[in-house]
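Q: I would like to learn how to read a protein model feature by feature. Could you walk me through one?

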Amino acid sequence: MTAKFRDFDKNSSDDESTSSDASEEYYELNDTDNLAEDQQMSENEEISDYENDEDDEVVKAIKAEKKKPRDHPPMITCDDFIVDISFSPTRNIIALANIVGDVLLYEYSNEENKLLNTMELHLKACRDVEFDHEGVTLYTTAKDKVIMATDVETGKLKICYENAHEEPVYRLFCLDNNKIVTGDDGGTVKLWDTRKRDPIFSIKIGEEYVSDMITNEAQKYLICAAGDGTLTSIDLKGSKIYTTSEEYESELTCMGLFRSETKLLVGSSIGKLYLFNWKEFGFHSDEYVGQKHMIQCMIPVTQNIVVTSGEDGILRATHMFPQRQLGVVGQHNLPVERLDINYDGRLIASSSHDNDVRFWDISYFESLDTIIDVNQKQNKKRDMSNNLPSSSVKNPSDFFSGLL
């Protein structure tokens, strides 16, 4: 299997024409003003039947939050395709890694975004950018098979691993201030101690690319999602594979932890979400219908709520326990590549194929998370009339049109 959004190459001559065609397609899909008049009238009549429903606490909370002022930084528009984004864990700084191998550091605020530094790091397209846990070091990896550690304040290179993998490195994950793990296009995972020149171990988990990696606070097991549809857990202390899941019907693309790190949620290229109990990685405990399109990225925003996005460019919020679609958080005109959440949990950022990074104020989720009734069945028609406060979608039913 091949990842739909993963083969970034600044020398590709097809990028502009493909992007242009896709842009036209997504503008048509998202242009609510072009809906047929009779269809719009029908939707409005249907929605009006539920606008006065005051029995649902979630509906009332969403309406109350909509009346509050929303503050978020303005959009950042870049010249080059943004491959990955990462918020600093300590300051109002966001790093944008692009397709030509550079990393842009911005200081963000509600008034403006200030470019602090442009780091020309890699010779080929960046694949991943991550801050360390203290926010003083920036780790990057790229298609040139190089892993770098750069000082955030000075922009000076601290560590450089050339030819770190035999295949281009696709994913990087920070364990602590000295250890990182990397996964490449050929299914190899390596654990590094940045105080040493050679990796602690190198493990082959499959033949396809390593799409995402995650661990919990104990850092005993590293969970790796892959393009071959398998979930592999690695015993970090034992330096060996712990379990390998059954092979799923599609690529596994992204992961998130919930319920005090006891639940693992995994997204797929066919729009399904799989829920695993921690330490039980062989097969999922539950399966959810996500959407019609590929889920490329997810970000947990509370212990129960996840925001997902991908091929259709829409950021959707879902409460997982119980499962309930909450609405649209935000939207892009083209597919969304990456999501991240800032250090205080108030903002999430999303990057899309139209070279922009947008910010969404999601502080309202904390209040919504506490009032979901586990015994109440979702009424999708009613929820259609309650877009989330961060979204500017005019037609709420667009949220549900992309669902299976």
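**Reading the model step by step**

A: Gladly! Let's start with a single residue: Glu-112 sits in the loop between strand 4 (102–108) and strand 5 (113–120). Bear in mind throughout that this is a predicted model.

Q: Which residues gather with Glu-112 in a patch of negative charge on the surface?

A: The idea here is to look for like charges that cluster. In this structure, Asp-71, Glu-107 and Glu-111 join Glu-112 in a negatively charged surface patch.

Q: Let me step back for a moment. How many helices and strands does the secondary structure of the protein come to?

A: Counting the elements is a good way to get your bearings. This protein has six helices and 28 strands. Its chain is made of 404 residues, and 57% of them are buried.

Q: What can contacts tell me about parts of the chain that are distant in sequence?

A: You can ask how far apart in sequence the touching residues are. Take the contacts between residues at least 6 apart in sequence: 50% of these join residues at least 24 apart.

Q: And how much surface does the protein expose?

A: About 17,400 Å². Carbon and sulfur atoms supply 43% of that exposed area.

Q: Now for charges that pair up. How many salt bridges does the structure hold?

A: There are 13 of them. A handy way to read a salt bridge is to check the atom distance, then the location of both partners, then their accessibility. Asp-185 and Arg-127 make one such pair, with their closest N and O atoms 3.1 Å apart. This pair links distant parts of the chain, as its partners are 58 residues apart. Asp-185 belongs to the loop between strand 11 (179–184) and strand 12 (188–193), while Arg-127 is part of strand 6 (residues 126–131).

Q: Why do Asp-185 and Arg-127 count as buried?

A: The cut-off matters here: a residue is buried when its relative accessible area is under 20%. Asp-185 counts as buried because its relative accessibility is 14%. Arg-127 is buried too, because its relative accessible area is 2%.

Q: Are Lys-204 and Glu-207 buried or exposed?

A: Let's take the bridge, then each partner. Lys-204 and Glu-207 form a salt bridge whose closest N and O atoms are 3.9 Å apart. Lys-204 has 45% relative accessibility, so it counts as partly exposed. Glu-207 is at 62%, so this residue counts as exposed.

Q: Which residues are linked in a network of salt bridges?

A: To read a network, follow the bridges from residue to residue. Here the linked residues are Asp-84, Glu-337 and Arg-338. Within the network, Arg-338 bridges to Glu-337, the closest N and O atoms being 3.7 Å apart. Both Arg-338 and Glu-337 are buried.

Q: How should I read the backbone angles?

A: Start from the usual pattern: most residues other than glycine have a negative phi, and most peptide bonds are trans. Then look for departures from it. Gln-219 is not a glycine, yet its phi is positive, at about 55 degrees. Gln-219 is in the loop between strand 14 (210–214) and strand 15 (221–226), and at 22% relative accessibility it counts as partly exposed.

Q: What is the phi of Ser-239, and where does Ser-239 lie?

A: Its phi is near 55 degrees, a positive value in a residue other than glycine. Ser-239 lies in the loop between strand 16 (231–235) and strand 17 (240–244). With a relative accessible area of 32%, Ser-239 is partly exposed.

Q: Which residues does a cis peptide bond join?

A: Omega is the angle to check. Phe-321 and Pro-322 are joined by a cis peptide bond with omega of about 5 degrees. Pro-322 is placed in the loop between strand 24 (314–320) and strand 25 (323–331).

Q: To finish, which residues does Asp-80 touch, beyond those up to four places away in sequence?

A: Setting sequence neighbors aside brings out the contacts made by folding. Asp-80 touches Asn-98, Ile-99, Val-100 and Asn-355. The C-alpha atoms of Asp-80 and Val-100 are separated by 7.3 Å, although these residues are 20 residues apart along the chain. Asp-80 itself lies in the loop between strand 1 (76–77) and strand 2 (82–87), and is partly exposed with a relative accessible area of 29%.

Definitions and conventions. Residues are numbered from 1 along each chain as its sequence is written. This is a predicted model: local features need pLDDT of at least 70, side-chain atom pairs count only at pLDDT 80 or more; totals for chains, interfaces and linings use all residues. Side-chain values use heavy atoms; hydrogens and water are left out. A salt bridge is a side-chain nitrogen of Lys or Arg within 4 Å of a carboxyl oxygen of Asp or Glu. Helices (H or I, at least four residues) and strands (E, at least two) are DSSP runs, numbered from the N terminus. Buried means under 20% relative accessible area, exposed over 50%, partly exposed in between (1.4 Å probe, protein chains only). Patches are made of residues with over 30% relative accessible area and no salt bridge: like charges are joined within 9 Å, nonpolar side chains (Val, Leu, Ile, Met, Phe, Trp, Tyr) within 5 Å. Accessible areas come from the Shrake-Rupley method with a 1.4 Å probe; for residues, only the protein chains shown count as cover. Lys and Arg count as positive and Asp and Glu as negative; His and the chain ends are not counted. The place of a charge is taken as NZ of Lys, CZ of Arg, CG of Asp or CD of Glu. Contact means heavy atoms within 4.5 Å.
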